[in-house]
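Biologist: I'd like to learn how to read a structure like this one, feature by feature. Could you walk me through it?

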Amino acid sequence: MKRPDLVLALVIAVGLLGSPFYNTELVRSQLIGGAPVGALGSLLVLCTGLALAWRATLRRGYLWAHPATLTWDDFDGQRPAALTHRLVLDWAARFGVAAYFFAVSGMLIGFPSSLVGPLALFVVVAALALAMGRRRSLPGESLLPLTLALPLIVPLWTYVAAAAIAACALARSSPLPHTVSRDTLIRHYTERMVRRTSAAFLDVWALLPAGRPVPWRNALAGRFIVTRYVVTGTLARRYTLGLPVFLALAVVATHATFPAVTSVWLLGIGGYLALLPFTAPVAQLHRVPGLRRWLDASNLRLHAVTCAFLCLLALVWAGVVLLLGIPASVSAVVAVLIAALSAVRSVTRGPLDFSSMGMVLYEGVLIPAGLVRQLVRGPDLLVLGLIAASFVPV
C-alpha cells in the first residue's frame, strides 16, 4: 500500500473508531436504542476483552525467524532482543484493543462507580499475560484466562492480588527468547508462511487448526470408517476446546450487557464460530482432491455423518451456554442446529475457482460476483436460517 493510501486508510479508521467518543448519542441510538443494559456491562466487556487478549498472548506467535536470517545474520546476539520486541508489540496491540472496547462500552452504557478496581485489574492481568508469554508454556495454561469470570463472583481486589503475586513469581523465570531452539523458530515460520499464503489466496479453510497425533492405534481400522474419521479428526484438534468455552462466555457476557439482543443471533453466530475448528477434517478432504479420493465414501454419507456429529457437539455447547444464563427456547436450539449445518456447508465446497469470478460492474466498481458467491457459501445459510429461526415460537 502506498503512503497516501495508508494515510487515508488511517484517517478513516481513526474517524470510525473515534465516533463513540465525539458522537456518543448517535452511536448509542444506533447500537442500543432504548434497550436495557446490564448493570455490570462495562466490567463484563473488560473481563471478556482481557481474557481474549491473554489467550492470544499465550499462543506465543512471536516465536518465528526466517531460516536465511538464522543462517547468515544470527551471530550478533540480536535475536533475543528482536523476539522480545515482537512480543511486546503484539502484547500491546492486543491489550490496547481490550482497553478500547472497555472505553467504548463505558461511553455507551456507563463506567463502573469506581475505575480504580477495573484499571488495577487491567494492569495486573496485562502484566501476568506478558510474564507468561515470555516463558515456556505451562500445562493447562490456556484455561487460565477463564479465571477472569471470577471477578464477577469474588471480590475484585482478591483476584487482583492473586494475579499480581503470580505475575511477580513468573517474572523471575528464564525468558523464552533466549532459550528457544532454532528448529522451533523455523517450524513456526513455516506455519506462518502457510497461513499468509492461504490468506492471500482467500483459502480461509487452510487456516483451520491442524491435527495432532491421537493415542488410538486402530482409530481408522474396522467398520464405520467415516464416523471414525470424523471423530478422530475432532479428537486430533482437542487442543482447540478452549475456543468454544471462550465463545460461550462471550455470548453470556453479550447477553448480560445487552439483554434486548435476541439469543437466536448470539447462539447462532457463537455456535458457528465454535464449531468451525472441528470441521477441519472434512475441510481438508474437500481442499485436497487426492485426500478425498482416499476416503472411499460418497459425499452424501460423509456430509450426513459430519452434520450429525456437529449437531451433537452444537447441542452440548448450547447446553453449556443455557446453563450459564441464556434463556432456553425452541428457537435457540434451532439456531445452534442451523449453525452446525452452516459450518458443514462452509467447508464442503471445493477449492476456489478464480477462473469463474464473474465480474459485475456496479456503480462504477467491479465486483467479483462469482468469487463472492463461493466465499459466502455457508454464512448465507447461517443468516437466512437465523432470520427464519427468529420467527419460531418459543
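Biologist: Let's start with His255: is it buried or exposed?

Modeller: This is a predicted model, so keep that in mind throughout. The general idea is to look at relative accessible area, where buried means under 20%. His255 has 16%, so it counts as buried.

Biologist: Where does His255 sit, and which residues does it touch beyond its sequence neighbours?

Modeller: His255 belongs to helix H11, residues 242–257. Setting aside neighbours within four places in sequence, its contacts are Val261, Leu266, Gly325, Ile326 and Pro327. One of these, Leu266, is itself a buried residue of H12.

Biologist: On to helix pairs. How do I describe two that pack together?

Modeller: You give the angle between their axes and the distance between the axes. Here, take H12 (residues 263–275) and H16 (residues 330–347): the angle is about 35 degrees and the axes are 8 Å apart. The crossing is right-handed.

Biologist: Which residues make up that contact?

Modeller: From H12 you get Ser263, Val264, Leu267, Gly268, Gly271, Tyr272 and Leu275. They meet Ser331, Ala332, Ala335, Val336, Ala339, Ala340, Ser342, Ala343 and Ser346 of H16. By type, the contact residues split into 10 nonpolar, six polar and no charged.

Biologist: And how do I check the length of a helix like H12?

Modeller: Use 1.5 Å a residue and compare with the end-to-end C-alpha distance. For the 13 residues of H12 that predicts 18 Å, and the end C-alpha atoms are 18 Å apart, so the two agree. For H16, 18 residues should span 26 Å, and the ends are 27 Å apart, which also agrees.

Biologist: How many residues of H12 are buried, and what covers them?

Modeller: H12 is mostly covered, with 10 of its 13 residues buried. The cover includes H11, H15, H16 and H18. In H16, the buried set includes Ile338, Val344 and Val347. The buried residues of H16 pack against H12, H13 (280–287), H15 (299–323) and H18 (379–389).

Biologist: What does UniProt's record say about these stretches?

Modeller: The unreviewed UniProt entry annotates several transmembrane regions, among them 238–258, 264–283 and 330–347. You can then hold the annotation up against the model. Residues 238–258 are 76% helix and 0% strand, with end C-alpha atoms 32 Å apart. For 264–283 the chain is 80% helix and 0% strand, and the ends are 26 Å apart.

Biologist: Now backbone angles. What sign of phi do most residues have?

Modeller: Most residues other than glycine have a negative phi. In this model, Arg60 has a positive phi of about 55 degrees although it isn't a glycine. Leu202, also not a glycine, has a positive phi of about 60 degrees.

Biologist: Where are those two, and are they buried or exposed?

Modeller: Arg60 lies in the loop between H3 (41–57) and H4 (67–72). Its relative accessibility is 7%, so it counts as buried. Leu202 is in the loop between H9 (182–200) and H10 (225–235). At 30% relative accessibility, Leu202 counts as partly exposed.

Biologist: What about Glu141: which residues is it in contact with?

Modeller: Leaving out neighbours within four places in sequence, Glu141 touches Leu58, Arg60 and Met132. Glu141 sits in the loop between H6 (116–133) and H7 (156–170). With a relative accessible area of 8%, Glu141 is buried.

Conventions. Residues are numbered from 1 along each chain as its sequence is written. This is a predicted model: local features need pLDDT of at least 70, side-chain atom pairs count only at pLDDT 80 or more; totals for chains, interfaces and linings use all residues. Side-chain values use heavy atoms; hydrogens and water are left out. Axes are lines fitted to C-alpha atoms, for helices over the stretch in contact, and angles run from 0 to 180 degrees between N-to-C directions. Helices (H or I, at least four residues) and strands (E, at least two) are DSSP runs, numbered from the N terminus. A crossing is left-handed if the near helix is turned anticlockwise from the far one by less than a right angle, and right-handed if clockwise. Contact means heavy atoms within 4.5 Å. Ala, Val, Leu, Ile, Met, Phe, Trp, Tyr, Cys and Pro count as nonpolar, Asp, Glu, Lys and Arg as charged, and the others, Gly among them, as polar. The expected span of a helix is 1.5 Å times one less than its number of residues. Buried means under 20% relative accessible area, exposed over 50%, partly exposed in between (1.4 Å probe, protein chains only). UniProt positions are given in the numbering used here, feature names are shortened, and annotations may be inferred rather than shown by experiment.
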